[in-house]
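Student: Could you take me slowly through the place where the two chains meet, and then follow the charged pairs from there into the chains themselves? I would like one connected account rather than a list.

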2 protein chains.
Amino acid sequence: MGDSRTLRLNYADWLRDVPDFPKPGIVFKDISPLLQDGEAFAACIQDLAEAARAHGPTRIAGIESRGFLFGTALAIELGIGFVPIRKPGKLPWQTFAESYELEYGQDTLEIHTDASAAGEAVYLIDDLLATGGTAEAAAKLIRRTGAEVVGCGFVVELGFLNGRDALHGLSIDSLHHID
Amino acid sequence: MGDSRTLRLNYADWLRDVPDFPKPGIVFKDISPLLQDGEAFAACIQDLAEAARAHGPTRIAGIESRGFLFGTALAIELGIGFVPIRKPGKLPWQTFAESYELEYGQDTLEIHTDASAAGEAVYLIDDLLATGGTAEAAAKLIRRTGAEVVGCGFVVELGFLNGRDALHGLSIDSLHHID
């Protein structure tokens, strides 16, 4: 987010720190308090919508599963369609697949080949920007359908993992930045 | 849905039949066309909202993953909070778990113990009502938090699998019924 934008929430107040999840030494940022409160959740979707609108999207893409929680609500708010990017074997129709590196091993994401097309301006949503590998794979998938990726929005950005570097050239909006 | 309610869409027009997915002999109802079209998706959320409002919910619960696609958008539309019901090991905080039978073997769902509480009226959302086992487990989880389940909404109901019988005593709304 640009420094000039005023957010509707202090996001630190709406995230719950869960130590040692999913493994020892990691402090997980639990979004449940944000989702559970109707006013806070609505404010979050408004903040995402304000960021997304600046890029003129014609479609929202969300990454399974937590990206679905914010992505469809955002699509409804903006009055545009939604495209799911899913784990392997979950999408029933013809798909493109992209694999990406994890700390140990690799993972794969898929998109329907007809999920978007040339002329579509897709804004990508996930709950968390960490190393950027997941979002980078998702952006590649969107481009393989012929569409343009006009920006990416995240609720939380773990700045110390330098995900922005992995997403060079993409415009990134995040509501809550953790250094 | 009651017969008196007029839906905003002919849902058959917005679902894609995918033969032999996820296994031979099954015709999968793909919701992608509905999600991808901004106007159709908005109409679907309006239809779900009209059904849900009749039950006076204070919170929406959605079942991972396709229930997330409709559940959070519905929660925003109604101005209330959202509770995710997830596969095992995905929720970071303290959970309740419920197992249920599948055709072969069993599966488990979890909810945060503080996801809702006594006094909350929870409306449950998933994309599909099939045998009802998943929704029944989800309803049990909601009740274990102390909350009441005031109804369940589905986009598609496979009537021939008799899911309503498994959910006896629960009020069920479905937008598209397949006999």
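Tutor: This is a predicted model, and a good place to begin is with the polar pairs: between chain A and chain B there are 16 residue pairs in polar contact, counting those in which both residues have a pLDDT of 80 or more. On the side of chain A that touches chain B, the elements that give two or more residues are β1 (16–19), β2 (27–30), α1 (32–36), α2 (38–53), α3 (66–78) and β4 (81–85) of chain A. Of these, α3(A) gives the most, with six residues.

The contact as a whole takes 38 residues from chain A and 38 residues from chain B. The size of an interface is often given as the accessible area lost when the parts come together. Here chain A and chain B bury about 3,100 Å² between them, and 60% of that area is on carbon and sulfur atoms. Within the share that chain A buries against chain B, Gln36(A), Ile76(A) and Pro92(A) supply 21%, which is more than any other three residues.

Charge also plays a part in this picture, for side chains of opposite charge can pair when their charged atoms come close. Two salt bridges are found across the interface of chain A and chain B, and in one salt bridge the side chain of Arg16(B) meets that of Asp114(A), with 2.7 Å from N to O.

Over all chains, the count of salt bridges comes to 22, and among them is one between Asp30(A) and Arg16(A), whose closest N and O atoms are 3.0 Å apart. This pair links distant parts of the chain, with Asp30(A) in strand β2 of chain A and Arg16(A) in strand β1 of chain A, 14 residues apart. Asp30(A) counts as buried because its relative accessible area is 2%, under the limit of 20%, and Arg16(A), at 15% relative accessibility, is buried too.

Compare this with the salt bridge between Arg53(A) and Glu77(A), in which the closest N and O atoms are 3.8 Å apart. Arg53(A) lies in helix α2 of chain A and Glu77(A) in helix α3 of chain A, so this pair ties together parts that are 24 residues apart in sequence. Here Arg53(A) is partly exposed at 46% relative accessibility, and Glu77(A) is partly exposed at 27%.

In chain B, Glu50(B) forms a salt bridge with Arg8(B), and their closest N and O atoms are 2.9 Å apart. Because Glu50(B) lies in helix α2 (residues 38–53) of chain B and Arg8(B) in the segment before β1 (16–19) of chain B, the pair ties together parts that are 42 residues apart in sequence. Glu50(B) is partly exposed, with a relative accessible area of 30%, and Arg8(B) is partly exposed as well, at 41%. In chain A, salt bridges that share partners join Arg8(A), Asp47(A) and Glu50(A) into one network.

Finally, let us turn from charged to nonpolar side chains. The largest nonpolar core has 70 residues, of which Ile60(A), Phe70(A), Leu74(A), Ile60(B), Phe70(B) and Leu74(B) touch the most other members. Leaving aside residues up to four places away in sequence, Phe70(A) touches several residues, including Leu35(A), Phe41(A), Cys44(A) and Ile125(A). Cys44(A) is itself buried, at 0% relative accessibility.

Technical notes. Residues are numbered from 1 along each chain as its sequence is written. Chains are lettered from A and ligands numbered from 1 in the order in which they are written. Side-chain values use heavy atoms; hydrogens and water are left out. Buried means under 20% relative accessible area, exposed over 50%, partly exposed in between (1.4 Å probe, protein chains only). A nonpolar core is a set of buried Ala, Val, Leu, Ile, Met, Phe, Trp, Tyr and Cys residues joined through side-chain atoms within 4.5 Å. Contact means heavy atoms within 4.5 Å. Buried area is the accessible area (1.4 Å probe) that two parts lose on being put together, summed over both. A salt bridge is a side-chain nitrogen of Lys or Arg within 4 Å of a carboxyl oxygen of Asp or Glu. A polar contact is a pair of N or O atoms within 3.5 Å; within protein, one must be able to donate a hydrogen and the other to accept it, and residues adjacent in sequence count only if both atoms are side-chain atoms. Helices (H or I, at least four residues) and strands (E, at least two) are DSSP runs, numbered from the N terminus.
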